[in-house]
Amino acid sequence: MATKMTTKTHQRERSRAWYERAQQSLIEGVNSPSRGAAVYSAGPVVLERGRGSRVWDLDGNEYIDFMMSFGALIQGHAHPTIVEVVSRTMAEGSHFAAATPAEADAAERFLRMVPSAEAVRFTNSGTEATMLGLRLARAHTGRTKFLKFEGHYHGWYDPYCLNGHSHPAEQLGPRENPTRFPDSEGIPKTVFDEVVLAPWNDLSTLESILRRQGRELAAVITEPIMSNMGCILPRDGYLQKVCDLAHQFGALFILDELVTGFRYAPGGCQQYYGLKPDLSTFGKALGAGFPVGALAGPRAILDRLRWGGNMVLHYGTFNGHRLTMRAIAANLDLLAANEGAVYKQIYEIGDAAIAGLRDIFRRRRMGAIVQGFGPMFQIYFTGRDAVGGNIDAAIDGINDYRDYCRYVDSAKYSRFIHGLLDRGIYMTPSNGLHWIISTAHTMQDVETLLAAVDEVCAEMP
Ligand SMILES: Cc1ncc(COP(=O)(O)O)c(C=O)c1O
């Protein structure tokens with residue numbers, strides 16, 4: 001693929017001034033630590049506007065956006081159909097917190113696309129969906145403990161906040177009994193007594209942990225593709241085996257498709273890998289930029305949400321928000337059109353970006369690998385070349401949280417991304433996230449990306 005020269009032009013005076021101002025009223029000038037100085041070394045790029053695959057900052061700099069709102073913007077920015085539907089809906093009244101046709105319109109489309117969904121309950125965020133999933137699993141099984149995997153993120157609900165961040169490899173403890181790192185202060189220690197922790201992508205360790213504690217578990221929850229340590233794929237047949245093992249011990253299998261849902265296939269990873277989870281959770285791409293989460297599964301479990309003596313409680317003023325429901329229906333129609341033809345386009349563009357990046361790293365003999373396929377991927381500077389000088393040693397890949405903690409040079413990745421930000425490529429410098437291809441990206445965007453990457457690599461030690 002031909003590469004085009006890019007130039008380093010980005011000045012961000014107004015972003016800096018605005019960030020100073022925002023810190024007077026907001027903690028770290030933002031509303032989530034992943035957006036502030038903890039990640040962006042000179043302070044965040046303050047964005048003002050987006051269209052298609054592009055965003056513009058306060059200084060008027062244009063960027064191709066590969067972060068896409070942490071994957072929420074599967075249709076890119078300001079997709080004309082979504083803009084039209086939302087504007088029309090808004091003019092009729094935004095939300096009634098009452099029964100509306102909009103909810104069922106969205107739900108019917110959801111059920112047509114997600115294989116395991118006999119019913120769906122909409123929430124306002126992914127965190128709410130996984131929180132509700134756990135409550136339902138506990139009610140359904142009459143058990144309270146659950147198993148989560150190291151390095152998986154399921155939102156910021158108390159019991160999920162364990163080993164979600166990376167730690168020095170030598171502190172991780174034995175695989176059979178991992179060291180437990182709470183991700184937050186303010187969570188009672190007893191909350192974590194209910195959590196069983198296991199390494200991912202490792203069936204024999206999982207089996208032995210389950211032999212000890214499996215009968216106490218309400219659920220085993222997993223991301224199908226690890227998306228919060230970059231992009232780590234499951235080994236062949238792994239997810240089905242986890243599902244089988246959970247069932248063997250009487251626990252539900254919860255597939256957290258917050259990132260992968262509506263992205264890897266119209267029916268998410270459960271369709272892609274042929275899985276039948278008991279419960280699955282969605283958000284991000286479902287809402288095409290609107291705040292939403294969803295919990296789906298069979299009637300036999302979801303019916304526990306019905307009002308009555310033994311019900312599982314789930315309230316929310318903004319549940320089934322009318323604007324969001326209309327955006328979802330329009331979004332799912334776009335994704336399902338022509339038998340999901342748009343997925344072919346996303347895969348082609350994503351795979352071209354991945355191949356081009358690998359090519360640059362190979363040509364420049366850099367110890368970097370690119371993991372993922374199609375709609376989502378991540379780059380890891382492995383650091384192994386820095387130690388051993390042998391870049392082939394890195395080809396093995398990053399297969400779990402422990403590999404990530406041991407081998408990934410996230411400081412180098414951050415420098416790499418800051419170089420790209422200066423060249424009109426928008427991406428978070430956090431190595432734990434991932435690159436996203438939306439329906440708005442083009443091959444031209446990939447060419448521009450690769451030219452910028454080549455320039456940045458030329459300057460990297
Ligand atoms: C796998 C996974 N589950 C749950 C969540 C929580 O979703 P939300 O940020 O919408 O609360 C996220 C968010 O990044 C996620 O990646």
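**Exercise 1. Determine how strand β12 (residues 376-381) and β14 pair, and over how many bridges.**

Solution. Strand β12 and β14 pair in the antiparallel sense over 2 bridges, where strands are DSSP runs of E with at least two residues, numbered from the N terminus, and two strands pair if DSSP finds at least two bridges between them. This is a predicted model, in which local features need pLDDT of at least 70 and side-chain atom pairs count only at pLDDT 80 or more, while totals for chains, interfaces and linings use all residues. Residues are numbered from 1 along each chain as its sequence is written, and side-chain values use heavy atoms, with hydrogens and water left out. Within this pairing, Phe 377 stands opposite Trp 435 in β14. Next, place the pair in its sheet, an open one of 3 strands in the order β11-β12-β14 with antiparallel pairing. β11 (368-373) and β14 (435-436) each have a single partner strand and stand at the edges, so one side of each is left without a neighbour in the sheet.

**Exercise 2. Establish which strands pair with β10, and whether the residues of β10 are buried or exposed.**

Solution. Begin with the partners: strand β4 (residues 119-123) is joined to β10 by 5 bridges and runs antiparallel to it, with Ala 119 having Gly 297 as its bridge partner. Strand β9 (residues 279-283) is also antiparallel to β10, through 4 bridges, and here Thr 281 is partnered by Leu 295. Then turn to burial, for which buried means under 20% relative accessible area, exposed over 50%, and partly exposed in between, with a 1.4 Å probe and protein chains only. In β10 (residues 293-297), 5 of the 5 residues are buried. In a regular strand the side chains alternate between the two faces of the sheet. Both faces of β10 are covered, with Gly 293, Leu 295 and Gly 297 buried on one side and Ala 294 and Ala 296 on the other.

**Exercise 3. Identify which residues make polar contacts with the ligand, and how much of its area the protein covers.**

Solution. Polar contacts are pairs of N or O atoms within 3.5 Å. A polar backbone atom of Gly 126 is 2.8 Å from an oxygen atom of the ligand, and a polar side-chain atom of Asn 228 lies 3.0 Å from a ligand oxygen atom. For a nitrogen atom of the ligand, a polar side-chain atom of Asp 256 lies at 2.6 Å. Finally, of the 390 Å² of accessible area (Shrake-Rupley method, 1.4 Å probe) that the ligand has on its own, the protein covers 84%.

Technical notes: Polar contact = N/O pair within 3.5 Å; in protein donor to acceptor, adjacent residues only side chain to side chain.
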